[in-house]
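Visitor: I am new to this structure. Please pick one small part, take a close look at it, and then show me how it fits into the rest.

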Amino acid sequence: YTSGCGKCAMYTTIGELFLKKKIENSTTLPRQKVFDLAEQLQKGTSIFSKTGSVHSAILIDLTTERQIARDDVARHNAVDKVVGRALVENLDFARCLLTRTGRTSAEIVYKIRKCGIPITIARGAPTHQAVHLAREMGITLIGFARERSFNIYAGAERIQ
């Protein structure tokens, strides 16, 4: 499975089929927390404030409130950066959620599932395939998270 900003090739392997197994995780999130995180994404990072042209990803440990934030010109790379840092720091992905700017593609959903992250929130819209995969994989997928509104595309049971 290779990614490339909408120009991807999909190959079915045993590994990919395993990734479709649902995440079994009882993590829940209050609706107000989603609004707070959407506001944080809206403000952006210092690099975004200066340039207006980067994507941000923030991995949040819901138990400790520890945050890892990274920016990149590519949304995929921003996700890879926070995941890499979390691996170095031994964060338990099952206790985390991932917030991001940009849209949610199938490639991003696969990355989230591979880590075992149960909830993801994005400012942008998800693709049709991303919604389908998130539902299959048991991932809570929230899009269009802005000010006082958001859409839940998959896993609504995790939002209180």
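Guide: Start with Asp 61. In this predicted model, Asp 61 has a relative accessible area of 2%. Buried means under 20%, so Asp 61 counts as buried.

What does the side chain of Asp 61 reach? One partner is the backbone nitrogen of Thr 63, at 2.8 Å. Another is a side chain: Asp 61 and Arg 95 are joined by a polar contact of 2.5 Å. Leaving aside residues up to four places away in sequence, Asp 61 touches Arg 66, Leu 91, Arg 95 and Cys 96.

Now step back to the strand. Asp 61 belongs to strand 1, which covers residues 55-61. Strand 1 runs antiparallel to strand 3, and 5 bridges join the two. Within this pair, Ile 58 of strand 1 faces Thr 99 of strand 3. Cys 96, touched by Asp 61, belongs to strand 3, residues 96-100.

Next, the sheet. Strands of a sheet pair through backbone hydrogen bonds, either parallel or antiparallel. Here the sheet is open, has 6 strands and shows mixed pairing. Its strand order is 2-1-3-4-5-6. Strand 2 (67-72) and strand 6 are at the edges. Each has a single partner strand, so one side of each has no neighbour in the sheet. From one strand to the next, the twist averages 20°.

Strand 1 also helps cover a helix. Helix 2 has buried residues, and strand 1 is among the elements covering them. So are strand 3, strand 4 (119-122), strand 5 (140-146) and strand 6 (149-154). Which residues of helix 2 are buried? They are Lys 33, Val 34, Phe 35, Leu 37, Ala 38 and Leu 41. An α-helix has 3.6 residues a turn, so residues three or four places apart point the same way.

The length of helix 2 can be checked too. Helix 2 has 13 residues, 31-43, and at 1.5 Å a residue it should span 18 Å. Its end C-alpha atoms are 19 Å apart, which agrees. After helix 2 comes Gly 44, with a positive phi near 75°.

Finally, the whole chain. It holds 6 helices and 6 strands. From the N terminus, the order is α-α-α-β-β-α-β-α-β-α-β-β. Of its 160 residues, 48% count as buried. Among contacts between residues at least 6 apart in sequence, 50% join residues at least 24 apart. The chain exposes about 8000 Å², and 53% of that comes from carbon and sulfur atoms.

Methods
Residues numbered from 1 in each chain as written. Predicted model: local features only at pLDDT ≥ 70, side-chain atom pairs only at ≥ 80, totals over all residues. Heavy atoms only, no water. Helix = DSSP H or I, 4+ residues; strand = E, 2+ residues; numbered from the N terminus. Buried < 20%, exposed > 50% of the residue type's maximum accessible area, 1.4 Å probe, protein only. Polar contact = N/O pair within 3.5 Å; in protein donor to acceptor, adjacent residues only side chain to side chain. Contact = heavy atoms within 4.5 Å. Expected span 1.5 Å × (residues − 1). Pairing = 2+ DSSP bridges. Axes fitted to C-alpha atoms, helices over the stretch in contact; angles between N-to-C directions. Areas by Shrake-Rupley, 256 points an atom, 1.4 Å probe, with all protein chains shown as cover.
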